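I opened this notebook to record what was looked up around the ligand and inside the protein.

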Amino acid sequence: MNKPVYLDYNATTPIAPEVLAAMRPFLEEDFGNPSSSHVYGLRAREAVALARLQVAELMGAHPEEICFTGGATEANNLAIQGAARALPSRRHLVTSAIEHPSVLAPIRALEAQGWDVTIVSVDAYGRVPIAAAARAMREDTALVSIMHANNETGTVQPICEIAAAAHARGALMHTDAAQSAGKVALDVRALGVDFLTLAGHKFYAPKGIGALYRAAAAPPLVPILFGAGQEAGMRPGTENVPAIVALGRAAQLAQQGLGTFPVHLATLRDHLYHILKSQIPGLCLNGHPTERLPNTLNVSFPRIDATTLLATVASEVAASVGSACHGDALEGSTTLNAMGLARERVAGALRFSVGRYLDKAQIDYAARALVSAPCVTVVAASINR
Ligand code: PLP
């Protein structure tokens with residue numbers, strides 16, 4: 001193998017060939033603007049409508065409840081800022097300590113503008129305790145934003161119960177499901193959320209496209225961008241038709257693959273874990289043992305600096321220390337620190353995230369490289385001695 005095995009699907013996925021094929025005509029001959037009244041516009045308009053239906057179907061929503069955005073960061077900002085401003089008499093926001101910066105930063109920005117914020121801690125598995133989340137809510141809570149699954153550990157949150165507690169207080173509920181789509185089933189009605197975020201490039205569509213679900217019964221969001229009336233005025237600007245078509249096709253593939261993809265992912269992930277666990281004494285799992293995305297494996301190598309290990313195996317394995325988009329290399333992962341893990345365990349943590357195009361031979365190859373890395377063999381020998 002001349003390229004390292006890619007075990008970083010939580011950072012981003014390649015574009016699926018079916019997705020590329022679906023979007024290609026809209027980069028070439030079907031280049032129309034969906035707002036145009038001629039046939040070019042009509043083709044683009046129809047394609048956007050189909051994609052909206054496909055994305056809605058992935059999460060059990062109606063097409064009118066889907067707003068296309070320029071990615072999950074924008075969807076999170078729109079949900080948080082838009083919902084906070086939609087309920088001006090409520091000035092309190094609740095979130096968790098392990099959210100992605102695209103949730104935490106807009107919440108901190110609102111705090112600087114006068115909103116009160118409560119950050120709920122997580123337990124040692126990285127789960128938000130339902131009782132703690134409910135206790136944090138107040139009569140003036142506007143929005144509760146808790147991620148569906150964590151990008152670093154894959155731990156899945158009890159969203160349904162937290163949403164019920166939020167609604168009992170009259171608050172709105174948002175969940176960032178950027179990491180969940182295509183890995184586990186998503187049903188907005190069963191979850192009971194008002195807003196849900198998706199990111200195309202986490203499930204085999206391109207980067208720079210995402211979607212925000214807004215329940216029809218939720219109050220209209222105050223937009224964060226102002227312009228013409230696209231996306232029902234919630235997200236103005238000429239639609240990125242090729243990327244929207246791609247998102248729709250990726251959503252359809254994810255939906256069709258729900259019976260097979262999660263099993264394939266979990267099989268590969270568990271295969272990797274079993275090899276590492278059996279060969280490396282003291283290796284420990286970070287995150288929830290069962291309530292976890294099927295593709296995510298976060299493990300701490302004992303007495304090892306994960307950055308050094310990654311550099312050592314860089315020509316065989318592409319994985320990640322913490323997450324790709326957090327600038328927290330010095331302090332270590334925000335999520336693992338929030339879980340209260342010991343410093344050494346945080347320093348030795350690596351995230352492996354598997355994907356649709358991997359096979360067992362590639363996992364074997366990557367595992368062999370990790371197990372035989374000099375820093376790992378030295379520590380293993382000293383522990384066994
Ligand atoms: N939310 C989560 C949980 C993520 O993992 C990411 C990306 O890593 C994002 C939001 C932001 O996605 P994007 O950078 O595509 O806007």
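How many nonpolar, polar and charged residues does the shell around the ligand have? I counted four nonpolar, seven polar and two charged residues; here Ala, Val, Leu, Ile, Met, Phe, Trp, Tyr, Cys and Pro count as nonpolar, Asp, Glu, Lys and Arg as charged, and the others, Gly among them, as polar.

I note that this is a predicted model, in which local features need pLDDT of at least 70, side-chain atom pairs count only at pLDDT 80 or more, and totals for chains, interfaces and linings use all residues. Residues are numbered from 1 along each chain as its sequence is written, and side-chain values use heavy atoms, with hydrogens and water left out.

**Ligand**

I looked up the 13 residues around the ligand (a heavy atom within 4 Å of it), and T73, D176, Q179, H201 and K202 come nearest. Helix 3 (residues 72-86) supplies three residues, the largest share of the shell; helices are DSSP runs of H or I, at least four residues.

I then checked polar contacts to the ligand (pairs of N or O atoms within 3.5 Å). A side-chain N or O atom of T73 lies 2.6 Å from a ligand oxygen, and for K202 a side-chain N or O atom is also 2.6 Å from an oxygen of the ligand. The backbone of A72 places a polar atom 3.4 Å from a ligand oxygen. The protein buries 87% of the 390 Å² that the ligand exposes when taken alone (Shrake-Rupley method, 1.4 Å probe).

**Cavity**

I searched for cavities, sets of points on a 1 Å grid over the protein atoms alone where a 1.4 Å probe fits but cannot get out. One cavity of 30 Å³ or more was counted. The largest cavity has a volume of about 70 Å³, taken as the space filled by probe spheres set on the points. Its lining has 14 residues (an atom within 4 Å of a point), with G182, K183, Y204, L265 and G355 nearest the centre.

How values were computed. A polar contact is a pair of N or O atoms within 3.5 Å; within protein, one must be able to donate a hydrogen and the other to accept it, and residues adjacent in sequence count only if both atoms are side-chain atoms. Helices (H or I, at least four residues) and strands (E, at least two) are DSSP runs, numbered from the N terminus. On a 1 Å grid over the protein atoms alone, a cavity is a set of points where a 1.4 Å probe fits but cannot get out, and a pocket is an open set with protein on both sides within 12 Å along at least five of seven lines; lining residues have an atom within 4 Å of a point.
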